[in-house]
Amino acid sequence: MSLKEETEALRRIPLFQNLDPAKLKLLAFMSQRLTFEPGQAVFAQGDPGDAAYIVLEGEAVVSIDTPNARIDIARLARNEIVGEIAILCDVPRTAHVTAAGDKPLICLKIEKNDFIGMLTEFPNMAVEIMRELARRIVNTNQQLRQAVAAKG
């Protein structure tokens with residue numbers, strides 16, 4: 001994938017839609033393109049939060065360790081971002097992310113300092129991150145209610 005193709009891929013992500021094309025190109029240039037084979041870990045729960053990842057192709061599963069087992073909590077697909085919570089909160093990774101499906105997972109890795117710099121420079125990007133985090137909280141609360149009701 002060329003720099004131009006990566007820039008176009010970033011433009012399709014809601015978080016980056018309102019960024020100036022030159023800034024998108026800079027973000028693509030600063031990013032590292034990585035490929036993960038199915039079953040390969042992108043990062044593990046507890047790892048340092050050093051980067052965010054944008055899914056360009058393929059799928060990933062997000063899972064967490066519980067006292068009894070590892071459970072899947074989400075699936076990621078094209079144009080989704082993961083890993084930003086550990087960066088924003090300056091905490092270790094809150095979940096495992098693993099390449100899933102039968103095709104490789106292709107991501108753009110954005111280092112912590114570059115990601116924070118973009119949020120500082122573009123407040124609308126920060127608003128989109130807040131919306132995404134709020135959506136995840138709503139989903140988590142819904143899953144928790146369902147789990148409690150099932151045990152009821």
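Which residue of β5 does I64 stand opposite? I71 is the one. Keep in mind as you read these notes that the model is predicted.

1. **The sheet around that pair.** I64 and I71 belong to an open sheet whose strands come in the order β2-β7-β4-β5. There are 4 strands here, and the pairing is antiparallel. β4 and β5 are joined by 6 bridges. If you scroll along the chain, β4 covers 59-65 and β5 covers 70-76, while β7 is 96-100.

2. **Its edges and twist.** β2 (41-43) is at one edge and β5 at the other. Each has a single partner strand, so one side of each has no neighbour in the sheet. Going from one strand to the next, the twist averages 30 degrees.

3. **A further sheet.** This one is also open and has 4 strands, in the order β1-β8-β3-β6, with antiparallel pairing. Its edge strands are β1 (32-36) and β6 (81-82), each of which pairs on one side only. As a reminder on sheets in general, strands pair through backbone hydrogen bonds, either parallel or antiparallel.

4. **Inside that sheet.** Have a look at β3 (residues 51-57) and β8 (residues 105-111): they run antiparallel, and 6 bridges join them. A handy landmark is I54, which stands opposite L108 in β8.

5. **The helix across it.** α4 takes in residues 112-121 and lies across β3, β6 and β8. Relative to β8, α4 runs at about 75 degrees.

6. **How α4 meets α5.** The axes of these two helices come within 5 Å and cross at roughly 110 degrees. Crossing angles of 65 to 115 degrees count as roughly perpendicular, and α4 and α5 are therefore roughly perpendicular to each other. On the α4 side, the contact is made by F115, M118, L119, T120 and E121. P123, M125, A126 and I129 do the job for α5. By type, the contact residues divide into 7 nonpolar, 1 polar and 1 charged.

7. **The largest pocket.** Which residues sit closest to the centre of the largest pocket? They are I73, A74, I85, R136 and T140, out of 36 residues that line the pocket. The space inside comes to about 960 Å³.

8. **What the lining is made of.** α5 (123-151) gives the most to the lining of the largest pocket, with 13 residues. β4, β5, β6 and α3 (84-89), as well as α5, each supply at least two residues. So much for where the lining comes from; now its chemistry. The lining residues divide into 21 nonpolar, 6 polar and 9 charged.

9. **Two backbone spots to check.** Where in the chain does N79 have its place? N79 is in the loop between β5 and β6. Its phi is positive, about 75 degrees, although N79 is not a glycine. D90 also deserves a look: this residue is not a glycine either, and has a positive phi of about 55 degrees. You'll find D90 in the loop between α3 and β7.

How values were computed
Residues numbered from 1 in each chain as written. Predicted model: local features only at pLDDT ≥ 70, side-chain atom pairs only at ≥ 80, totals over all residues. Heavy atoms only, no water. Pairing = 2+ DSSP bridges. Contact = heavy atoms within 4.5 Å. Axes fitted to C-alpha atoms, helices over the stretch in contact; angles between N-to-C directions. 1 Å grid on protein atoms, 1.4 Å probe; cavity = no way out; pocket = protein on both sides within 12 Å on 5 of 7 lines; lining within 4 Å. Points joined across faces, edges and corners; volume = space filled by probe spheres on them. Nonpolar A, V, L, I, M, F, W, Y, C, P; charged D, E, K, R; others polar. Parallel < 35°, antiparallel > 145°, perpendicular 65-115°, else oblique.
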